[in-house]
Amino acid sequence: MKAISMLSLLCSRTDEEAMWRVKRHDDHGEFARLVKRWEEPIRRLCTRMTGDGHRGEELKQDAFLRLFEKRKDYEPTGRFSTFLWRIALNLCYDELRRRARRLEQQEVQGDLPDIATDAPGPDLRAAVSEEGHLVRNALMELPEIYRSVLVLRHYEDMKLTKIAEVLEIPEGTVNSRMAEALSRLSRILEPQLNPAFAAHPAPHPLSSPKESFVL
């Protein structure tokens with residue numbers, strides 16, 4: 001009975017309580033539980049932000065390593081998920097900036113890589129439809145400030161208030177970035193999804209009632 005009671009207590013702990021134990025006692029058991037719970041959402045985020053499944057997996061691992069390194073900075077007054085999302089997004093931003101610098105250097109040296117270099121691997125391409133492939137590629141063309149709100153809202157199904165909390169910006173700014181992101185995405189996708197869009201504009205592929213961004 002005592003063992004069952006202890007198991008029940010462990011399972012009933014919130015993420016915030018678990019992270020507090022990691023902060024105060026370096027509780028590796030609780031940290032492992034947090035990793036198990038959050039590794040897939042963080043992997044998805046990193047993959048969507050970078051457009052690279054292999055790099056997304058590496059950044060996921062980096063995110064949890066950084067989480068443990070920054071455990072003393074965690075304050076229980078805030079949500080654990082917000083703390084973790086910020087860590088992962090900052091790593092993605094760093095990766096995108098490094099990539100941009102490499103491309104700039106290669107452009108100066110006249111040694112640009114094939115455009116397909118940073119595209120998702122064959123395993124990811126095989127797992128999605130052609131339209132999904134086009135949307136993912138179009139997503140990679142968006143500046144990171146627009147890509148982040150779109151990924152968090154559409155792929156992670158976050159409410160706008162939560163996105164504002166994670167990105168540390170006003171909710172109104174989230175709304176304006178979302179509108180601009182969708183507008184830019186439409187301009188990129190329309191010629192590919194509907195070659196006759198100039199004469200007959202097509203609805204945005206992400207604006208169906210089922211997938212609407214309006215809360």
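**Exercise 1. Find the buried residues of helix 9 in this predicted model, and decide whether the helix is enclosed or open.**

Step 1. List the buried residues. They are Leu160, Lys162, Ile163, Ala164, Val166 and Leu167. The cut-off is under 20% relative accessible area.

Step 2. Set the count against the length. Helix 9 covers residues 160-167, and 6 of its 8 residues are buried, so the rest of the structure largely encloses it.

Step 3. Name the cover. Helix 5, helix 8 and helix 10 (171-193) are among the elements that cover these buried residues.

Step 4. Look just past the end of the helix. There Glu168 has a positive phi of about 60°.

**Exercise 2. Place Ser81: which helix holds it, is it buried or exposed, and what does it touch?**

Step 1. Locate the residue. Ser81 is part of helix 5.

Step 2. Check its accessibility. The relative accessible area of Ser81 is 12%. The limit for buried is under 20%, so Ser81 counts as buried.

Step 3. Leave out neighbours within four places in sequence. Ser81 then contacts Trp38 and Lys162.

Step 4. Link back to Exercise 1. Lys162 is one of the buried residues of helix 9.

**Exercise 3. Describe how helix 5 and helix 8 pack: what is the crossing angle, which hand does the crossing have, and which residues make the contact?**

Step 1. Take the axes. Helix 5 spans residues 80-108 and helix 8 spans residues 144-155. Their axes come within 12 Å and cross at roughly 140°.

Step 2. Classify the angle. Roughly antiparallel would need an angle over 145 degrees. The two helices are therefore oblique to each other.

Step 3. Give the hand. The crossing of helix 5 and helix 8 is right-handed.

Step 4. List the contact residues. Helix 5 supplies Trp85, Leu89, Tyr93, Leu96 and Arg97. Helix 8 supplies Glu144, Arg147, Ser148 and Leu152.

Step 5. Sort them by type. The contact has 5 nonpolar, 1 polar and 3 charged residues.

Step 6. Consider the spacing. An α-helix has 3.6 residues a turn, so residues three or four places apart point the same way.

**Exercise 4. Summarise the whole chain: how many helices and strands does it have, what share is buried, and how much area is exposed?**

Step 1. Count the elements. There are 10 helices and 0 strands.

Step 2. Take the buried share. Of 215 residues, 38% are buried.

Step 3. Examine contacts with a separation of 6 or more. Residues 24 or more positions apart make 60% of them.

Step 4. Turn to the surface. The chain exposes about 12,500 Å², with 54% of that area from carbon and sulfur atoms.

Notes: Residues numbered from 1 in each chain as written. Predicted model: local features only at pLDDT ≥ 70, side-chain atom pairs only at ≥ 80, totals over all residues. Heavy atoms only, no water. Helix = DSSP H or I, 4+ residues; strand = E, 2+ residues; numbered from the N terminus. Buried < 20%, exposed > 50% of the residue type's maximum accessible area, 1.4 Å probe, protein only. Contact = heavy atoms within 4.5 Å. Areas by Shrake-Rupley, 256 points an atom, 1.4 Å probe, with all protein chains shown as cover. Axes fitted to C-alpha atoms, helices over the stretch in contact; angles between N-to-C directions. Parallel < 35°, antiparallel > 145°, perpendicular 65-115°, else oblique. Left-handed = near helix turned anticlockwise from the far one by under 90°. Nonpolar A, V, L, I, M, F, W, Y, C, P; charged D, E, K, R; others polar.
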